[in-house]
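This report introduces a structure to a reader who has not met it before. The sequence and the coordinates are shown first, and the description follows.

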Amino acid sequence: MSTTDWSEMQPLLTQACRDTFYMVGWSALVAVAGGLPLGILLVLTDRGGLLSNTVANKVVGQLVNVARSMPFIILMIALMGFTRWITGTTIGRDAAIVPLAIGAIPFFARLVETAVREVDGGLVEAVQAMGGNTWTVVRKVLVPESLPSLVSSTTTTIVALIGYSAMAGTVGAGGLGDIAIRYGYQRFETQLMWITVAILAVVISLIQFAGDCTARALYRRGGRSSPAPALRFLKAATAGSRTA
Amino acid sequence: MHSRTGTPTPVHPTVTETPVITTSGLTKTYRAHRSHGPEVTALDGVDLHVREGEVFGVIGQSGAGKSSLIRCINLLERPTAGTVTVDGQDLTALVGRGRRASRALREARSRIGMVFQHFNLLSSRTVRDNVELPLEILGMSGRDRSRKALDLLDLVGLADKADAHPAQLSGGQKQRVGIARALAGDPKVLLSDEATSALDPETTRSILQLLRDLNRQLGLTVLLITHEMDVVKSICDSAALMERGRVVESGTVGELLATPGSALASALFPVGGEATGTDRTVVDVTFRGESATQPVVSRLARTYNIDISILGAAVDTVGGRQIGRMRIELPGRYEDNVVPVGFLREQGLQVDVVTEQDRQPVPVEEGAHK
Ligand SMILES: Nc1ncnc2c1ncn2[C@@H]1O[C@H](COP(=O)(O)OP(=O)(O)O)[C@@H](O)[C@H]1O
Ligand SMILES: [Mg+2]
């Protein structure tokens, strides 16, 4: 068991943190940007929805299911051509963002779908009766009314992405998970591994905490006091653990 | 005073003879599961005529098709057949292709207010912002929106709750916000689907009073759907009774009360009393205004030298009018009383003979007492 001194570890960990935040940050952004419309579309195209279209709904739903059930490491390999086309390379941080984001889009889309489905159909009807179109319904009802749930879904997605990003080390993207695997598993430098694990635990807890607080604040902003979102967090968390 | 049917006299100044909502042959069938499954006929050729400025109540049991009717009027539900005309515009002609509403239809909808049983307020918005929502859809600028929303909240007596969230309001207050919101587009017509059904009796009264006031002040035409007879009784100028997708009775309250055997009339204004024995004829006599049946009844007794017992009597206000009803009992079977019943009818009174079997008033046939 070798001892690495702090002056050696510190720059290593700092760089790893930076890499993780970089990958997770960008891929989460893309996942939200892509998954939000996709999730809403899944609700709208469903039978009885505003844009009811069975074929489109089935196709999108099936795509989402396949992408979600794909193990991340396989997705990463399968997407290599696409990744090179986007980033010009298949290794490094930037190259890791592509499969991370693409893997997270359907994951987030399903969470969005669940959240948006919970919006009371009466509200949609009320806006239609006022003369609102589908876009109005999305902007003024579906998104704002499900915002607390959407925030929890985002939190769940970010936490899941931190998990996936550990595997991004296999394409030389670095990051905290990569350090834990390389030093802890391959070189038996357990001290460094445990420090990494501790950092990951703290980061994940902080993100979860911040996410929960935001969601709860948004929920309370509506003058409600019941602890309803707690249940939803639980649901989102179990939904997350199924695939993570 | 005893004007029989015919020209319906305006109940209050805002009612005119201009039709504001007209449906003709309105039919709606739903298909249960997918394309196979049995069809449900929710509306079966409904003809409805709502005059400008009146409060029109549609009453019927659950499942009668009331909600389908009101939702077809602003085309939230697309009718299977028939037409809907609101304020001179044929809305059924405006439906676009596919499921999406055309721009013209959406514009027409913005001029029709709608109030819901469960209020349907956005929990993410304050009361004021909820009222502003239709104005946002209409594209009104921020400052105008804010001013108008406050005016509307003032109108419904909730100006002090502008910055509260719906979750902080009582049911009655929520419905007031719903009404303020429905009025934002300056509608000529207000549709209300069981607006008071989620409220307690006290709150129901105050919300109905508000609707009545708005109807009077703004000349607003109100079409309301309810399963409670009291709602019709307290604010409606006209009413229709729905059963299994059909309108089975319809007219002004006055007309309905003057219609022999009208189920709506007897429900609006029930009068009890059991026959004291067999071989008796029980008759419901309806009169309007201040005139009393008392002299008529005593004259009847004197003229035909019969003993008349009064089983029950009531005077009530229905649709803003004084209505009296009396259930009297004449000795002998109906066949023996053809002449006295004819006498009552000659006095301009409405007479319904109550059969022994069901104790329900049945219409007196025109030719029954020849
Ligand atoms: N969206 C729908 N799909 C299938 N059947 C429906 C739908 N809406 C209403 N119905 C049926 O139509 C009939 C009338 O319903 P509704 O108009 O809601 O009546 P009411 O409002 O008088 O209770 C009922 O038999 C109901 O089950
Ligand atoms: Mg109903």
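From the N terminus on, the elements of chain A run α-α-α-α-α-α-α-α-α-α. In this predicted model, chain A thus appears with ten helices and zero strands. Along the principal axes, the C-alpha atoms of chain A fill a box of roughly 70 × 45 × 25 Å. Chain B, in turn, has eleven helices and 15 strands.

**The two chains in outline**

The table sets out corresponding values for each chain.

| Chain | Residues | Share counted as buried | Accessible surface | Share of surface from carbon and sulfur atoms |
|---|---|---|---|---|
| Chain A | 244 residues | 48% | about 11800 Å² | 67% |
| Chain B | 370 residues | 52% | about 16500 Å² | 47% |

Contacts that span long stretches of sequence can be described for each chain in turn. When contacts between residues at least 6 apart in sequence are considered in chain A, 74% of them join residues at least 24 apart. For chain B, the corresponding share is 69%.

**A nonpolar patch on chain A**

On the surface of chain A, the residues A:V66, A:M70, A:I73, A:I74, A:I77 and A:M80 make a nonpolar patch of about 480 Å². Helix 3 of chain A, which covers residues 72–78, gives the most to this patch, with three residues. A:V66 lies in helix 2 of chain A, residues 54–69. With a relative accessibility of 45%, A:V66 counts as partly exposed, because that class lies between the limits of 20% and 50%.

**A sheet in chain B**

Four strands of chain B form an open sheet in the order 2-1-4-5, and their pairing is antiparallel. Strand 2 (39–51) and strand 5 (89–90) of chain B stand at the edges; each has a single partner strand, so one side of each is left without a neighbour in the sheet. In general, the strands of a sheet pair through backbone hydrogen bonds, in either a parallel or an antiparallel manner. Strand 1 of chain B, residues 19–31, pairs with strand 2 of chain B in the antiparallel sense over nine bridges. Within this pairing, B:P19 stands opposite B:R51 in strand 2 of chain B.

**A loop residue in chain B**

B:D307 is found in the loop that runs between helix 10 (294–304) and strand 12 (309–318) of chain B. Its relative accessible area is 68%, so B:D307 is exposed. Beyond its neighbours within four places in sequence, B:D307 is in contact with B:E329, B:L330 and B:P331. B:D307 and B:E329 are 22 residues apart in sequence, while their C-alpha atoms are 8.5 Å apart in space.

**The interface between the chains**

How many residues of each chain are in contact with the other chain? The interface brings 28 residues of chain A into contact with 26 residues of chain B. The area buried between chain A and chain B is about 2300 Å², and carbon and sulfur atoms give 55% of it. On the side of chain A, the residues that lose the most area to chain B are A:A129, A:M130 and A:K140, which together account for 26% of what that side buries. Two salt bridges are found across the interface of chain A and chain B. In a salt bridge between the chains, the side chain of A:K140 meets that of B:E136 at 2.6 Å, N to O. A:K140 therefore appears in two descriptions of the interface, through the area it loses to chain B and through its salt bridge with B:E136.

Definitions and conventions. Residues numbered from 1 in each chain as written. Chains lettered and ligands numbered in written order. Predicted model: local features only at pLDDT ≥ 70, side-chain atom pairs only at ≥ 80, totals over all residues. Heavy atoms only, no water. Helix = DSSP H or I, 4+ residues; strand = E, 2+ residues; numbered from the N terminus. Buried < 20%, exposed > 50% of the residue type's maximum accessible area, 1.4 Å probe, protein only. Contact = heavy atoms within 4.5 Å. Areas by Shrake-Rupley, 256 points an atom, 1.4 Å probe, with all protein chains shown as cover. Pairing = 2+ DSSP bridges. Patch = residues over 30% accessible without salt bridge, like charges linked within 9 Å, V, L, I, M, F, W, Y side chains within 5 Å. Salt bridge = Lys/Arg side-chain N within 4 Å of Asp/Glu carboxyl O. Buried area = accessible area lost by both parts, 1.4 Å probe.
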